[in-house]
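Colleague: Before I rely on this model, I should like to understand the grounds for the terms used to describe it. May we go through them in turn?

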Amino acid sequence: MNKKNFLIIGVLFGLVVAYFVWSNFFSTGPSTSRLSTDFELSATELYEAFDRDEAKANEMYLNKILEVEGTVTDVVNSDDLKPSISLQTNGFGVIKCSFESAEALGESEIQVGVTIKLKGECIGYLLDVLLTNTIIIND
Amino acid sequence: MKAIYSLMCLLMIVSLSAQDRYLTRTGEITFFSTAPLEDIEAKSDKALSIVDLAKGQVAVDMLMKSFEFEKKLMQEHFNENYVESDKYPKAKFSGTFNPSDALKAMEDGVYELDVKGELTIHGVTNPVDTKATLSVESGKLKGEVKFNLTVKSFDIKIPSVVAKKIAEEVEVTGIFNYEPYN
């Protein structure tokens with residue numbers, strides 16, 4: 001009996017160690033679908049926030065998980081660049097949401113002009129506001 | 001005759017105000033460091049760059065968080081411990097070069113340039129003096145640059161535990177496929 005307990009503890013310990021090693025050294029990060037949303041807003045609102053006061057918008061949205069709704073202006077699904085969808089704003093730039101892989105963008109044909117809701121991590125503002133590890137909430 | 005003269009003037013004006021500024025939102029920046037224990041490579045394809053051929057100016061802006069590493073842990077360490085991307089989200093470069101008339105006119109060819117400017121990473125600005133090429137092919141403009149930088153000069157501290165793993169000098173490569181911008 002003691003031997004059996006020892007074996008169980010050993011196996012559990014092994015699993016914990018394996019998970020630790022995997023999550024720290026091999027995992028490519030948590031799937032966005034499992035992360036809780038910090039803010040839900042429209043593409044226009046998000047862009048305006050950065051356009052008006054970048055420092056303030058960074059404080060609010062940087063590294064946060066956002067659900068952004070907007071009109072698709074561009075879909076990139078080429079071999080050279082990471083797949084991405086751009087959402088329309090009232091400013092000069094767009095909300096550019098990049099996907100981890102072509103599979104993440106899915107087989108579904110996203111047409112320019114449709115309204116879509118996307119979820120991703122906000123990494124900041126250049127000319128566009130950038131979201132990474134994006135997933136499609138609905139299409 | 002007057003009409004032809006007017007047309008010629010118009011053509012001259014059009015050619016004078018020809019496309020000078022080019023932009024890309026998908027500039028590729030890669031950095032590579034080789035060290036005894038491990039090679040480290042990270043890539044971003046989200047750099048913003050504008051080049052003005054008439055003025056001989058170039059600017060690059062990028063978000064440090066857009067660098068992607070093969071391993072999640074490396075990416076976390078890079079952002080949280082080394083470049084502190086929450087505090088210093090952007091890296092910026094602005095520089096000047098001497099454009100030849102052929103380059104200004106966007107004649108096909110590969111143009112070797114000396115680019116001098118300032119690079120800001122981690123809130124620290126350092127001068128950069130490097131070779132770069134701009135190539136023109138059938139109206140398309142592509143920029144390429146490769147230079148080395150030392151981590152220390154940007155006040156990026158690497159803990160001594162991992163110092164052996166990370167090279168002090170990092171090779172930076174940039175590829176920019178520009179599009180006309182006005």
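The exchange below concerns a predicted model and the reasoning behind its description.

Colleague: How do you know that chain A touches chain B?

Modeller: Two residues are in contact if their C-beta atoms lie within 7 Å. By that criterion, 16 residues of chain A are in contact with 14 residues of chain B. On the chain A side, α1 (2-26) and β5 (115-125) each supply at least two residues. That side has 7 nonpolar, 7 polar and 2 charged residues. For the complex, the predictor gives an ipTM of 0.71 and a pTM of 0.78.

Colleague: What makes Ala43(A), Leu46(A), Tyr47(A) and Phe50(A) buried?

Modeller: A residue is buried if 20 or more other C-beta atoms lie within 10 Å of its own. These four residues of helix α2 (residues 43-52) of chain A are classed as buried, so each meets that cut-off.

Colleague: Why are they said to lie on the same side of α2(A)?

Modeller: They cover an arc of only 95° around the axis, which puts them on the same side of α2(A). An α-helix has 3.6 residues a turn, so residues three or four places apart point the same way.

Colleague: Which residues of chain B have pLDDT under 50?

Modeller: Residues 9-17 of chain B stay under that value, and the model has 0 contacts for them beyond four places in sequence. Where pLDDT is low, the predicted coordinates should not be read in detail. The mean pLDDT of chain B is 86, with 86% of its residues at 70 or more.

Technical notes. Residues are numbered from 1 along each chain as its sequence is written. Chains are lettered from A and ligands numbered from 1 in the order in which they are written. This is a predicted model: local features need pLDDT of at least 70, side-chain atom pairs count only at pLDDT 80 or more; totals for chains, interfaces and linings use all residues. Ala, Val, Leu, Ile, Met, Phe, Trp, Tyr, Cys and Pro count as nonpolar, Asp, Glu, Lys and Arg as charged, and the others, Gly among them, as polar. A residue is buried if 20 or more other C-beta atoms lie within 10 Å of its own, exposed if 12 or fewer, and partly exposed in between; C-beta atoms are placed from the backbone. The arc is that of the directions from the helix axis to the C-beta atoms. pLDDT is the predictor's confidence in each residue, from 0 to 100.
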